[in-house]
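Subject: Structure handover

Hello,

Please find the structure below, with the sequence alongside. My notes on what was found follow after it.

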Amino acid sequence: MALTREHERFPKDEPGDTDLEGLIMDGSNPRELESVLVMLEARSIAHRRLLLEIIRTLDSSQLQHLEEWLSVREVLRDGQEDPGAVPTAMAALPLCIAEEFREFGQSLAQISSQSDSR
């Protein structure tokens, strides 16, 4: 089975393409938006599982390097002066990324402890 590049499977600007930005902005088609969100979540879960499986193959020095890399990125340093401010959807993106790095760091710590006990 040959792998194809994402842009080859789903060419841009084809009739019937989903304009994700437009869906999010106007919310005129909730079913289509829900379908897109479910697809994105499924892909995110698949990517996470794949990454964790790849991480399990790393040796201890590589795991340590990755832990250090993640520790720098798991706390957003946005310079925001009001800690109670509610971010907009787009401003929340960096916060979500930092949270994902934090969760990867926790998973990595579990993998490291399992590899240390072997």
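A search of the whole structure finds four salt bridges. Please keep in mind that this is a predicted model, so the distances and areas in this email are computed from it.

Salt bridges

One of the four salt bridges joins Arg48 and Glu100, with 2.7 Å between the closest N and O atoms. Arg48 belongs to helix α3 and Glu100 to helix α5, so this bridge ties together parts of the chain that are 52 residues apart in sequence.

Arg48 also meets Glu103 in a salt bridge, at 3.6 Å from N to O. This pair again links distant parts of the chain, since Arg48 is in helix α3 and Glu103 in helix α5, 55 residues apart. Taken together, Arg48, Glu100 and Glu103 form a network of salt bridges.

Is Arg48 buried or exposed? Its relative accessible area is 19%, and because the cut-off for buried is under 20%, Arg48 counts as buried. Its two partners fall in another class: Glu100 is partly exposed at 29%, and Glu103 is partly exposed at 31%.

A further salt bridge is formed by Arg56 and Glu53, whose closest N and O atoms are 3.5 Å apart. Arg56 has a relative accessibility of 39% and is therefore partly exposed. Glu53, with a relative accessible area of 46%, is partly exposed as well.

Overall layout

The protein has five helices and zero strands. Read from the N terminus, its elements run α-α-α-α-α. The helices that come up in this email include α3, which covers residues 30–55, α4, which covers residues 60–73, and α5, which covers residues 92–116.

How many of the residues count as buried? The figure is 14% of the 118 residues of the protein. The accessible surface comes to about 9800 Å², and carbon and sulfur atoms account for 57% of that area.

As for contacts, consider those between residues at least 6 apart in sequence: 65% of them join residues at least 24 apart. The salt bridges from Arg48 to Glu100 and from Arg48 to Glu103 span such separations.

The aromatic pair

The whole structure was also searched for aromatic pairs, and one was found. It consists of Trp69 and Phe101, with ring centres 5.3 Å apart and planes at 85 degrees, so the pair is edge-to-face. Here too the pair links distant parts of the chain: Trp69 is in helix α4 and Phe101 in helix α5, 32 residues apart. Both rings belong to partly exposed residues, Trp69 having a relative accessible area of 35% and Phe101 one of 21%. The value for Phe101 is 21%, and the buried class takes in what is under 20%, so Phe101 counts as partly exposed.

Two serines in helix α5

Ser107 and Ser112 may be worth a look in the viewer. Ser107 lies in helix α5 and is buried, with a relative accessible area of 16%. Apart from its neighbours within four places in sequence, Ser107 is in contact with Arg48 and Leu52. Arg48 is the residue that takes part in the salt-bridge network with Glu100 and Glu103.

Ser112 is also placed in helix α5. Its relative accessibility is 10%, so Ser112 counts as buried. What does Ser112 contact once neighbours within four places in sequence are left aside? The residues are Leu63 and Glu67. With Glu67 there is a polar contact between the two side chains, at 3.0 Å.

A nonpolar patch

On the surface, Leu37, Met39 and Leu40 form a nonpolar patch, and their accessible area together is about 250 Å². Leu37 is part of helix α3. Its relative accessibility is 44%, so Leu37 counts as partly exposed.

If you want a place to start, Arg48 is a convenient one: from there you can follow the salt bridges to Glu100 and Glu103, and the contact with Ser107.

Regards

Definitions and conventions
Residues are numbered from 1 along each chain as its sequence is written. This is a predicted model: local features need pLDDT of at least 70, side-chain atom pairs count only at pLDDT 80 or more; totals for chains, interfaces and linings use all residues. Side-chain values use heavy atoms; hydrogens and water are left out. Helices (H or I, at least four residues) and strands (E, at least two) are DSSP runs, numbered from the N terminus. Buried means under 20% relative accessible area, exposed over 50%, partly exposed in between (1.4 Å probe, protein chains only). A polar contact is a pair of N or O atoms within 3.5 Å; within protein, one must be able to donate a hydrogen and the other to accept it, and residues adjacent in sequence count only if both atoms are side-chain atoms. Contact means heavy atoms within 4.5 Å. Patches are made of residues with over 30% relative accessible area and no salt bridge: like charges are joined within 9 Å, nonpolar side chains (Val, Leu, Ile, Met, Phe, Trp, Tyr) within 5 Å. Accessible areas come from the Shrake-Rupley method with a 1.4 Å probe; for residues, only the protein chains shown count as cover. A salt bridge is a side-chain nitrogen of Lys or Arg within 4 Å of a carboxyl oxygen of Asp or Glu. Rings of Phe, Tyr and Trp (its six-membered ring) pair if their centres lie within 6.5 Å; planes under 30 degrees apart count as stacked, over 60 as edge-to-face and the rest as tilted.
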